[in-house]
Amino acid sequence: KEKRYDYLIVGAGLFGSVFAHEMTKRNKKCLVIDKRDHLGGNVYCEQKEGMNIHKYGAHIFHTNDKKIWDYVNQFAVFNNYINSPLSLSKGKLYNLPFNMNTFYQLWGTKTPTEAKKIIDKQIQEYGVESPKNLEEQALSLVGKDIYETFIKEYTEKQWGKKATELPAFIIKRLPVRFTYDNNYFNDRYQGIPVGGYNTIIDGLLRDIETRVGVDFFESREELESLADKVVYTGKIDEFFEYKYGQLEYRSLRFEHELHDMNNYQGNAVVNYNDTSYPYTRIIEHKHFEFGKQDKTIITKEYPENWNKDKEAYYPINNDKNQTIFKKYREESKLSENYIFGGRLAEYRYYDMHQIIGSSLAKVGEISKDK
Ligand code: UDP
C-alpha cells in the first residue's frame, strides 16, 4: 500500500518541529500531529493583553553553541533579555545565581576573598568527599548557609522529596560565581524571540502539514498506516503500554493572574525559596520582552504530584526510574521504523537548545546512511 508520508511526527514540540523542518528540506513528506489544540509543545505562548504568556512555564533561550544560535535566528530575531532572577527567602530578597551580590546580601562580604573564606569553611565543616545525593552535593559545593537559604526548601518543594532522596546531578545546574554578575546562565548567547516562541514554531512548520487535537493513541493503527516511519516524542512508557512499569514525573500547576497595574514585581522571575509559600516562582511575562503595557500578567508556579491526567514536566531521574527507562530504551532500538526523541521519549531534563541539538543530530544520523 502506498504511504502518503515519509514521516508521521507525534508531538509538535521543538524536537518534532525541528525534525519535520529538516526532513522537509530533504524532500521528505511529513505529517505532524499533536494532541493539544496548538503547536509548539511547552514553548507555546498564548497572546493576552498584548503580551506573550509562557503557558507552560518560563522559557529563556540560551546556548553556547553558535550553530544552534544561528539555527534559531533563522526563524526569529532575539531580544537582549538576560535572565537575572531574584530570590525571596525568609523575608529577604537576594540576587541569583549565587554571586558576589548574593554573598554581600547574605554575609556582608565585599570581596571574593572574604566570600570564598566563608564558603570554603562551610564546605569543610559540612561537605563530604563523594556526595551521594542532592543534599550532600549542595553542601559540598556551596556549604550550609547557601544550602539552607536557597536550596533545601526550594528543592524539596519543587520535587516533593527530601533532598537526601534526590540525585546529585539536579544541583549541578546551579552556578556559583565570585563576580558581581547576576546573569543566570553562563552561555554566550541568550534572549527571547521577538514575537514569542510561536514565531519560531511557525517558521519551522511553515508549509508542513499539521493536525492539532489528534491523540495518537486513539487512532494509532490508522495514523501509523499513513507513513513509512513514526517519530514519537511523547512519554516512552505510554508508547510501550507501560509493560515495564510506569515512569515518574513531577508536574506543575500554573495560576495566571491579570493585574490592573503596569509593574507587579519589577523582574521577570522571582523565586520563592522557602516553604512558607506554596509556589516556587512568580513569572511576570511582560519583563521578558521589556513590555510597556498598562496591565500585567503574572504566573505562580506550583509544583504538583503527577498522575496520568496531568502534564508531565520533569522526569524524576532517580535509580528506580532510570532502571525502568533503560528497558524501554532498549526496546525502542529494536525497530528502524520508530524514532524516539525529546524530553518525554528520552526521559531527560532537557533545555531548549539541547532538544534542538538532539533533533538535528538525529536527522543527521538518519540522512547520512541513505
Ligand atoms: N534550585 C534551588 N534554588 C533555586 C533555584 C534552583 O535549589 O533558587 C535547584 C532546584 O533543586 C531545582 C534545580 O536547582 O530543581 C534546577 O533549577 P533551575 O531553575 O535551573 O531549573 P528549572 O526548574 O527552571 O528547569
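Which residue forms a salt bridge with Arg211, and how far apart are the closest N and O atoms? The partner of Arg211 is Glu209, and the closest N and O atoms of the pair are 3.7 Å apart. Arg211 is partly exposed, with a relative accessibility of 29%, and Glu209 is also partly exposed, at 31%. The structure is a predicted model, and the distances below are to be read with that in mind.

## Salt bridges

The count of salt bridges in the model comes to 24. Side chains of opposite charge can pair when their charged atoms come close. Three of the pairs are set out here.

| Pair | Closest N to O distance |
|---|---|
| Lys55 and Glu46 | 3.4 Å |
| Arg211 and Glu209 | 3.7 Å |
| Arg220 and Glu224 | 3.2 Å |

Lys55 has a relative accessibility of 28% and is therefore classed as partly exposed. Its partner Glu46, at 22%, is likewise classed as partly exposed. In the pair formed by Arg220 and Glu224, both residues belong to helix H7, which covers residues 220-224. They are four residues apart, about one turn of the helix. Glu224 has a relative accessible area of 16%; because the limit for buried is under 20%, Glu224 counts as buried. Elsewhere, Arg253, Glu255, Glu304 and Lys310 are joined into one network by salt bridges that share partners.

## Helix packing and helix H3

Helix H1 (residues 14-25) and helix H6 (residues 197-205) have axes that come within 8 Å and cross at roughly 35 degrees. On the H1 side, the contact is made by Leu14, Ser17, Val18, Ala20 and His21. On the H6 side, Ile201, Gly203, Leu204 and Leu205 take part. By residue class, this contact of H1 with H6 has six nonpolar, three polar and no charged residues.

Helix H3 spans residues 100-107, and its buried residues include Met100, Asn101, Thr102 and Phe103. The elements that cover the buried residues of H3 include strand E7 (92-95), helix H4 (112-126) and helix H5 (134-159). Asn99 caps the N-terminal end of H3, with a side-chain oxygen 2.7 Å from the backbone nitrogen of Asn101. Just after H3, Gly108 has a positive phi of about 80 degrees.

## Surroundings of the ligand

There are 17 residues around the ligand, and Thr155, Trp159, Asn273, Tyr314 and Tyr349 come nearest. A polar side-chain atom of Trp159 is 2.8 Å from an oxygen atom of the ligand. For Tyr314, an N or O atom of the side chain lies 2.7 Å from a ligand oxygen. For Tyr349, the corresponding distance between a side-chain N or O atom and an oxygen of the ligand is 2.8 Å.

## Two asparagines and a loop threonine

Asn321 lies in helix H9 (residues 319-332). Its relative accessibility is 0%, so Asn321 counts as buried. A polar atom of the Asn321 side chain is 3.0 Å from the backbone oxygen of Ile316. With neighbours within four places in sequence left aside, Asn321 is in contact with Gln246, Leu247, Glu248, Ile316 and Tyr347.

Asn267 is in the loop between strand E11 (249-259) and E12. At 18% relative accessibility, Asn267 is buried. The side chain of Asn267 has a polar atom 2.9 Å from the backbone oxygen of Ser84, and the Asn267 side chain also reaches the backbone oxygen of Val269 at 3.1 Å. Beyond the neighbours within four places in sequence, the contacts of Asn267 are with Ser84, Pro85, Leu86, Glu284 and His287.

Is Thr275 buried or exposed? Thr275 has a relative accessibility of 52% and so counts as exposed. Thr275 sits in the loop between strand E12 (269-272) and strand E13 (281-284). Thr275 and Glu156 are 119 residues apart along the chain, with their C-alpha atoms separated by 8.7 Å. Neighbours within four places in sequence aside, Thr275 is in contact with Glu153 and Lys157.

How values were computed
Residues numbered from 1 in each chain as written. Predicted model: local features only at pLDDT ≥ 70, side-chain atom pairs only at ≥ 80, totals over all residues. Heavy atoms only, no water. Salt bridge = Lys/Arg side-chain N within 4 Å of Asp/Glu carboxyl O. Buried < 20%, exposed > 50% of the residue type's maximum accessible area, 1.4 Å probe, protein only. Axes fitted to C-alpha atoms, helices over the stretch in contact; angles between N-to-C directions. Contact = heavy atoms within 4.5 Å. Nonpolar A, V, L, I, M, F, W, Y, C, P; charged D, E, K, R; others polar. Near = heavy atom within 4 Å. Polar contact = N/O pair within 3.5 Å; in protein donor to acceptor, adjacent residues only side chain to side chain.
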